[in-house]
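Got the viewer open? Here's a walk through the model, one selection at a time.

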Amino acid sequence: MFKTLWTRLKQGHHTSRFPKEAPKLSQRFRGLPMIDSSKCPQGCQDCAQSCPTDAITLKDSKIKLDLGRCLFCTDCVEACPEQSISYSQDYRLATTSRVNLILEEGRILKLAQAADQKIKKTFGRSLKLRQVSAGGCNGCEVETNVLNTLVFDLGRFGIQFVASPRHADGLLITGPVTENMELALKKTYDAVPSPKIVIAVGACAISGGPYIHHPQVHNGADSTVPVDLYIPGCPPHPFTILDGLLRFLDNLK
Amino acid sequence: MIRNHQSLPLKDTPSHPIEEWRKKIIEKTKEGLRISALFAQENKLMAILAHDEKGTLLPLSTEVPTKKYPSLTPECPQAHLFEREIKEQHDILPEGHPWLKPVRALGTDFFRIAGEEIHEVAVGPVHAGIIEPGHFRFQCHGEDVIHLEIALGYQHRGLEHQLQHGPTKRTLSYMETAAGDTSIGHTLAYCHALETLSSCEVSERAQMLRAIGLELERLANHTGDLGALAADIGYLPTSSYCGRLRGEFLNLTAEICGSRLGRGLVRPGGVGFDIDEKLISLILQEKLKKAFKDVTDAVQLLWDTPSVLSRFEETGVLSKKSAMELGMVGLVARSSGLRQDIRHTFPFGIYHKEKPSLSTWKSGDVFARAHIRWLEIQASVKFILKLLEALPAGKKREKTGALLKNTLTVSLIEGWRGEICHVAITDDKGLFSTYKIVDPSFHNWAGLALALRGQQISDFPLCNKSFNLSYCGHDL
């Protein structure tokens with residue numbers, strides 16, 4: 001008993017002060033990509049050709065980057081001697097519309113806001129989510145799961161993962177939606193009482209990720225159910241997911 | 001006979017008539033060799049047997065032009081899932097296989113026990129927690145589980161198929177997400193295969209950085225698992241401390257490569273990121289020591305609490321004999337008393353020179369699988385600190401050239417779950433004609449099913465967590 005209490009004391013306090021304070025991320029963290037097409041030589045396609053998921057397209061030396069497909073790897077950065085693409089430390093990436101995830105020069109990523117007052121009113125103080133992994137590699141799953149640890153302490157924001165879709169207000173989906181999970185995902189969605197929301201977490205759930213266009217997958221959650229919030233990354237940092245959830249509920253203050 | 005990360009021209013791969021091939025595999029596995037991989041290439045069957053004591057790999061191939069052969073499974077149980085996969089992928093029939101179900105296709109019947117008081121419990125694919133999908137079908141008598149059948153395949157993304165005719169620009173992403181919690185392990189196995197096939201020498205510095213990454217992956221997962229085991233028996237202090245501490249190890253990986261799961265760290269020819277003195281002394285060494293101190297306190301609570309021990313001990317026992325017959329690998333094998341650790345038996349990279357100590361435990365129960373994790377945490381921390389002290393100068397990354405043509409190589413890595421086996425076979429253009437991935441979970445799921453026999457069904461979450469196997473690593 002005394003030992004348990006002594007250990008508790010020694011462990012200290014580790015809950016982050018987010019959202020009051022910005023999270024401390026590693027120096028090498030790869031956040032929102034920055035595009036500077038002015039450095040692009042005529043006709044160069046190096047970044048587009050290096051991208052494993054073809055997230056980058058180049059037209060008239062203007063780079064377009066689909067954040068929904070981006071794996072946040074270093075292939076384009078390494079392929080480009082001009083450093084037209086670089087990663088910033090900005091972890092805030094969530095949007096409410098798929099189109100917003102297409103980055104272009106001079107276009108600021110339109111971050112998610114509470115879709116309407118109704119969502120805020122209905123879910124702002126209490127949001128229960130059921131997580132469905134539909135072909136996820138366990139990357140997005142573990143980074144979602146850590147929101148329950150004392151560092152992020154999801155419960156203090158009134159958000160909780162529940163064991164049954166019948167107890168939930170919405171789904172948080174990871175994975176490209178494999179053929180073998182499609183039915184289970186549909187049934188789980190149907191079991192959630194309305195009004196309900198759907199959150200797609202990670203490149204796979206948004207676009208299929210590395211598995212895009214495989215015959216065994218459906219290229220993401222919105223192939224099967226309507227998606228309200230997109231949180232890109234491979235996997236997204238837990239703070240990216242948390243920021244997205246709070247932004248969506250208008251609870252960032 | 002080859003060693004780990006050695007190449008063998010295809011024409012030198014020993015091919016035997018089917019009867020002789022079968023006899024050899026059955027005899028050798030009875031002598032204690034393990035099937036690391038068994039797969040088909042059109043009408044050809046290929047087995048890779050691992051000799052843990054000698055550190056050698058025996059590739060054995062045979063032709064099955066009739067598309068059928070007498071099954072190995074009745075005499076060699078560890079072949080069971082491989083043979084089911086061969087039937088599913090290549091329509092080659094292992095005649096006499098006792099349970100020839102598809103591995104990844106859904107909608108097949110389950111083994112059923114009939115009787116007045118027998119009932120069936122179905123769980124999944126959508127589970128209560130934030131985990132991957134799989135289906136568990138229990139045949140129970142009261143609270144006792146008589147038989148558990150595990151049906152997977154929900155995570156099947158067609159990964160292996162896409163590796164054929166590679167490498168392509170997407171191959172590394174496939175490796176990093178084959179089992180997303182083992183990104184470093186699988187990517188390392190792939191990079192070793194590529195380096196063997198292109199005769200690329202990786203600098204000692206890069207080898208050490210890879211090993212640091214691999215051990216950090218082990219630390220994070222082992223720590224997380226100990227916390228989750230505590231959670232499953234309702235012992236909350238260790239559960240909440242370890243949940244946080246797992247993140248400390250992930251953050252250390254992120255300090256090196258920007259990704260908590262090690263994405264981008266291991267690259268063909270070396271590593272994608274180097275570390276400088278400041279990072280080593282100010283962050284890695286200091287934070288690792290601090291995290292280890294906290295993990296020690298948190299885990300020690302488990303061993304000092306009688307109610308924890310009474311739930312761990314004698315729960316979900318997997319005997320040494322069963323572990324051997326089923327071809328268990330990794331920490332599950334070591335928890336059942338088998339001396340089996342690729343870092344020792346088939347050393348790779350820097351593990352030729354330095355390695356963390358090997359731990360085994362005899363009891364084969366949940367306690368053993370928890371305790372082995374703790375022993376390995378201690379060994380890995382010591383090992384990383386040693387490497388950080390002695391990091392030599394060297395190039396971060398070498399160039400890899402074209403791959404050898406018509407050649408086979410086997411790449412074994414000790415991931416945190418156990419043996420990761422990649423087999424690469426190239427065609428006459430130097431592209432992969434076959435690339436086979438065997439995640440440790442592919443071997444070990446059967447161990448979980450067996451360990452549950454005679455247990456109370458309420459102990460399933462605890463037993464499951466003590467194995468903590470990968471669904472997508474199995475389904476690919």
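Start by selecting Pro19(A), which sits in the loop between helix 1 (2–11) and strand 1 (33–35) of chain A. Bear in mind as you click around that this is a predicted model. Show the backbone here: the peptide bond joining Phe18(A) and Pro19(A) is cis, with omega at about 5°. Most peptide bonds are trans.

Chain A has another cis bond to look at. Jump to Pro235(A), in the loop between strand 10 and helix 8 of chain A. The bond from Cys234(A) to Pro235(A) is cis, and omega there is near -15°.

Keep going along the chain and select helix 8, residues 238–248 of chain A. How many of its residues are buried? The count is 11 of 11, so the helix is mostly covered, on the cut-off of under 20% relative accessible area. The run of buried residues includes Pro238(A), Phe239(A) and Thr240(A), and also Asp243(A) and Arg247(A). To see what does the covering, colour these elements of chain A, which are among those packed around the buried residues:

- helix 4 (117–123) and helix 5 (139–145)
- strand 6 (127–133) and strand 7 (159–161)
- strand 9 (197–201) and strand 10 (229–231)

Just past the end of helix 8, click on Asp250(A): its phi is positive, about 60°.

Phe72(A) is your next positive phi, near 55° in a residue other than glycine. Look for Phe72(A) in the loop between strand 3 (62–66) and helix 3 (75–79) of chain A. Is Phe72(A) buried or exposed? Its relative accessible area is 7%, so Phe72(A) is buried.

Now try Gly220(A), in the loop between helix 7 (203–207) and strand 10 of chain A. With a relative accessibility of 0%, Gly220(A) counts as buried. Turn on contacts and, leaving out residues up to four places away in sequence, you'll find Gly220(A) touching Pro176(A) and Val177(A), plus Cys204(A), Ala205(A), Ile206(A), Ser207(A) and Gly208(A). If you'd like a distance to draw, go from Gly220(A) to Ile85(A): the two are 135 residues apart in sequence and 26 Å apart in space, C-alpha to C-alpha.

Zoom out to all of chain A. You should be able to pick out eight helices and 10 strands, in a C-alpha trace spanning about 70 × 45 × 35 Å along its principal axes. The radius of gyration is 19 Å, which agrees with the value near 18 Å for a compact globule of 253 residues. Buried residues make up 59% of the chain. Of the contacts in chain A with a separation of 6 or more, 74% are between residues 24 or more positions apart. Colour by charge and you get 30 positive and 24 negative side chains, with the centres of the two sets 10 Å apart.

Bring chain B into view and select the interface. On one side, 63 residues of chain A are in contact with 58 residues of chain B on the other. The area buried between the two chains is about 4700 Å², and carbon and sulfur atoms give 52% of it. Show Gln11(A), Arg28(A) and Asn180(A) as sticks: they supply 15% of the area that chain A buries against chain B, more than any other three residues.

Chain B holds 16 helices and 14 strands. Its radius of gyration is 22 Å, close to the 23 Å that the globule rule gives for 476 residues, so chain B is as compact as a globular protein of that length. The C-alpha trace spans about 65 × 60 × 35 Å along its principal axes, and 66% of the residues in chain B count as buried. In chain B, the mean positions of the 57 positive and 58 negative charges are 5 Å apart.

Three stops remain. Select His5(B), in the segment before strand 1 (7–9) of chain B: its phi is positive, near 60°, and at 15% relative accessibility His5(B) counts as buried.

Then find Arg334(B) in helix 11 (residues 330–335) of chain B. What relative accessibility does Arg334(B) have? The value is 0%, so Arg334(B) counts as buried. Among its contacts beyond four places in sequence are Asp341(B), Glu376(B) and Glu414(B), along with Trp361(B) and Ile372(B).

Finish on helix 15 (residues 460–467) of chain B, where six of eight residues are buried, including Phe460(B), Leu462(B) and Phe467(B). Right after helix 15, Asn468(B) takes a positive phi of about 35°.

Note on methods:
Residues are numbered from 1 along each chain as its sequence is written. Chains are lettered from A and ligands numbered from 1 in the order in which they are written. This is a predicted model: local features need pLDDT of at least 70, side-chain atom pairs count only at pLDDT 80 or more; totals for chains, interfaces and linings use all residues. Side-chain values use heavy atoms; hydrogens and water are left out. Helices (H or I, at least four residues) and strands (E, at least two) are DSSP runs, numbered from the N terminus. The radius of gyration is taken over C-alpha atoms; the globule rule is 2.2 Å times the number of residues to the power 0.38. Buried means under 20% relative accessible area, exposed over 50%, partly exposed in between (1.4 Å probe, protein chains only). Contact means heavy atoms within 4.5 Å. Lys and Arg count as positive and Asp and Glu as negative; His and the chain ends are not counted. The place of a charge is taken as NZ of Lys, CZ of Arg, CG of Asp or CD of Glu. Buried area is the accessible area (1.4 Å probe) that two parts lose on being put together, summed over both.
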